[in-house]
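Reader: I should be grateful for a close look at one part of this model, namely the packing of its helices, with some account of the setting.

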Amino acid sequence: MSLNGCEHLNSFKAAFGSRSYFIIHSCFVACTSAEARRVKAQSCFCHTCKHRGLRVHACLSCVYFGCYGEKHIQNHAKSKKHNLSVDLNFGTVYCYACKDFVYDKELETLAKRQNKAAAASLAIRRQFAPWEPDQDEIELLRRNPKRRRVSESSHIGLRGLINLGNTCFMNCILQSLTHTPILRDYFLSDQHHCHMTANPQQCLVCEMGRLFQEFYSGVRTPYIPYKLLHLVWTNARHLAGYEQQDAHEFLIAALDVLHRHCQGTNGISYSNSHHCSCIIDQIFTGGLQSDVTCKECNNVSTTIDPIWDISLDLGPGPGTTAATSVASAATVTTATVGDPVGAVLGVASSAASDTSSVANLSPASGYTNSPSNSEPTSLIECLKRFTRPEHLGNSAKIKCSNCHSYQESTKQLTMKKSPIVACFHLKRFEHSTGYHKKISTYVSFPEELDMTPFMSSSRNNSNGYTNQIVRESAISLSCDNKYSLFAVVNHSGTIESGHYTCFIRSHKDQWFKCEDHVITRATAGEVLTSEGYLLFYHKQLLEYA
C-alpha cells in the first residue's frame with residue numbers, strides 16, 4: 001500500500017473533493033442508523049452479476065458497484081477510465097492505474113470519525129480490546145529483556161535440526177514449512193486455538209506452533225524435533241520407524257494430519273462450500289480441473305478436484321495406450337468436489353514411492369499428456385506436458401451426456417484455482433514390476449514462475465492455448481498467478497540409499513542450504529542448478545477472501 005497517496009487520487013480530490021468518499025463510507029461502509037444499515041444490506045451487490053460477496057468495490061467516480069474477485073470493478077475502471085474505487089468492507093481506496101491500495105491522511109481522518117460514530121450508534125464503547133500478556137508471555141518477556149530486531153543481515157529463523165536416525169527427509173520438509181511466509185505469520189501471531197482439550201499434547205498443530213517459536217526465538221543451537229516425529233508416527237503409522245522414507249510422502253502425510261487436527265477451526269469457507277477453512281487448506285489447496293471433450297459434439301464434462309501438490313513425470317512419454325488412458329482418467333476423477341479433503345488426499349502406503357494415488361490427484365504411474373519420446377528439461381515443459389490435451393483413443397470411449405452414446409474424447413488438465421503455496425513434485429523415483437530406478441535428469445526451474453498459461457481461464461475453445469498465452473515471456477500476463485521460489489528439497493544418492501538436503505530462502509534474496517543440523521549460506525545459482533525433487537513456490541500477490 002502506498003502511504004503517500006497517488007497522483008490519481010490527488011487529482012481526483014483537487015477536482016471533486018472528498019464528498020463522494022464520505023457519502024460511500026457513511027452509507028455503505030460504516031452506517032450510523034438502522035435505516036442506513038437496511039439500505040446498505042439491500043444495495044451492496046455487484047451491478048454486473050448481482051453477487052453479494054466479501055469483495056464488492058464502489059466506484060469513486062460514478063454509481064457502480066462491482067466484484068473485485070470476478071474483475072467486474074476492474075473492467076469498469078478500464079472501460080470508463082474511473083481509476084479509483086472504495087472497498088466496501090474496510091473503506092480503503094484502490095487505484096487501478098497504480099494497481100495498489102493508496103493511503104490519504106484526510107480520507108483516513110474521515111473514516112476514523114465515521115467508524116467511531118457507527119460504533120456509538122450500536123452502543124459499542126470501544127472497537128478494539130487492548131492486548132494484555134498472559135502469565136506465560138509475562139514470563140517469556142521477563143526471561144528475554146533484550147528485544148531482537150529483524151534486519152536484512154539477521155539470521156533469526158535459521159536453525160538446524162538434529163537427525164534422529166534417517167530423518168533427513170523430515171528435516172527438509174520441516175525447514176520448508178517453517179520458512180513458508182504465510183504459515184510462519186499464522187503461527188507467530190498465535191492464531192491457532194487448540195480444540196483437542198482432552199489431550200492437547202497429541203495435537204500436531206500445537207507442536208508445529210512450538211516449532212515455529214523455537215525457530216524464531218533467536219536460539220542458534222540445533223533443535224531436536226522428537227515430539228513432532230512421535231506425533232507423525234502416531235497419526236501416520238506407515239511412516240513409523242527409522243528406515244529412510246520419501247520426503248514427498250512425508251509432506252502429504254504431515255499436511256493431512258495437520259488438516260485433521262485443525263478440525264476445531266474446520267468449517268465451510270464463504271467462497272467455496274467444498275473447501276474447509278483451516279489454515280492448511282487456505283495455503284496449500286488448489287483446484288485441478290479435468291475437462292473431457294466429446295469429439296463428436298464438443299460437449300465438455302468438467303470436474304474440479306482439490307489438490308495439495310502437482311506430481312510431474314520426468315521420463316519420456318511413449319504413445320499413450322488405451323489401457324493407460326483409462327487408468328489415468330480413473331485416477332484423476334476418483335475424487336469429486338463434494339469429497340472431504342482428508343479422504344481425497346489420502347497417503348500412499350509404500351515408502352519412497354512416486355506412484356500416483358488419490359493423495360495428490362496426480363496422473364497414474366506412466367501417465368503422460370505428451371506423445372513425444374523426449375524427456376522434459378524444464379519445469380515449464382513438465383507443466384506444458386501435464387496440461388496438454390490427451391486423446392483417449394478408440395478403445396477408451398466415454399459415454400457422452402449430450403450424444404447419449406459412447407464417443408471418442410480428449411481430456412485436459414488445468415488449474416482452476418491456484419494455491420497460495422504451489423508445491424511441484426518431480427517424480428524422480430520410477431517403480432515398475434521388478435524394476436526400480438532413480439531419474440537424475442537435470443530439470444531447470446525458474447526463480448519466478450507464472451502459472452497463467454496453465455490456468456483453466458487461459459484455455460481457448462479448441463482445447464488449447466492462445467499464442468499470446470503460450471509465449472515464454474510473461475511480461476503481458478496477469479500478476480495474479482505469479483510465484484516466487486522459496487524452498488527446494490533435493491535427494492542425492494540412489495533409490496536404495498540416499499540423503500535429503502534443502503535450500504530455503506530467508507528474507508528477500510538470501511539463500512541457505514540446510515543439511516540436518518548444519519546450515520550454510522548459498523547462492524541463487526547453486527539453488528537453480530540443483531537437481532530438485534520438491535519445489536515450493538509462494539504467490540507474489542495475495543488477495544484476501
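Reader: Before turning to that part, what percentage of the 545 residues of the protein count as buried?

Author: The model is a predicted one, and 48% of the 545 residues of the protein count as buried. The protein contains 17 helices and 21 strands. Among contacts with a separation of 6 or more, 68% are made by residues 24 or more positions apart.

The part to examine is the packing around helix H9, which spans residues 204-215. Two packed helices are described by the angle between their axes and the distance between the axes. For H9 and helix H11 (residues 247-261), the angle is about 110 degrees and the axes are 8 Å apart. An angle of 65 to 115 degrees counts as roughly perpendicular, so H9 is roughly perpendicular to H11. On the H9 side, the contact is formed by Leu204, Val205 and Met208, which meet Ala254, Val257, Leu258 and His261 of H11. Sorted by class, this contact of H9 with H11 has six nonpolar residues, one polar residue and no charged residues.

H9 also packs with helix H8 (residues 181-188), at an angle of about 95 degrees and with the axes 9 Å apart. H8 and H9 are therefore roughly perpendicular to each other. Here Leu183, Arg184, Phe187 and Leu188 of H8 meet Val205, Met208, Gly209 and Phe212 of H9. The contact of H8 with H9 has six nonpolar residues, one polar residue and one charged residue. Val205 and Met208 thus take part in the contact with H11 as well as in the contact with H8.

The cysteines add to the setting. A disulfide is a covalent bond between the sulfur atoms of two cysteines. A search of the whole structure finds zero disulfides. Cys44 is in no disulfide, and its nearest cysteine sulfur, in Cys31, is 7.5 Å away. Cys44 is buried, at a relative accessible area of 16%. For Cys400, the closest cysteine sulfur is that of Cys297, at 3.7 Å, which is too far for a bond, because a disulfide requires sulfur atoms within 2.5 Å. Cys400 is also buried, with a relative accessible area of 6%.

A last detail concerns Thr387, in the loop between helix H15 (379-386) and strand S9 (390-391). Thr387 has a relative accessibility of 2%, so this residue counts as buried. A polar atom of the Thr387 side chain lies 2.8 Å from the backbone oxygen of Leu383.

How values were computed
Residues are numbered from 1 along each chain as its sequence is written. This is a predicted model: local features need pLDDT of at least 70, side-chain atom pairs count only at pLDDT 80 or more; totals for chains, interfaces and linings use all residues. Side-chain values use heavy atoms; hydrogens and water are left out. Helices (H or I, at least four residues) and strands (E, at least two) are DSSP runs, numbered from the N terminus. Buried means under 20% relative accessible area, exposed over 50%, partly exposed in between (1.4 Å probe, protein chains only). A polar contact is a pair of N or O atoms within 3.5 Å; within protein, one must be able to donate a hydrogen and the other to accept it, and residues adjacent in sequence count only if both atoms are side-chain atoms. Axes are lines fitted to C-alpha atoms, for helices over the stretch in contact, and angles run from 0 to 180 degrees between N-to-C directions. Angles under 35 degrees count as roughly parallel, over 145 as roughly antiparallel, 65 to 115 as roughly perpendicular and the rest as oblique. Contact means heavy atoms within 4.5 Å. Ala, Val, Leu, Ile, Met, Phe, Trp, Tyr, Cys and Pro count as nonpolar, Asp, Glu, Lys and Arg as charged, and the others, Gly among them, as polar.
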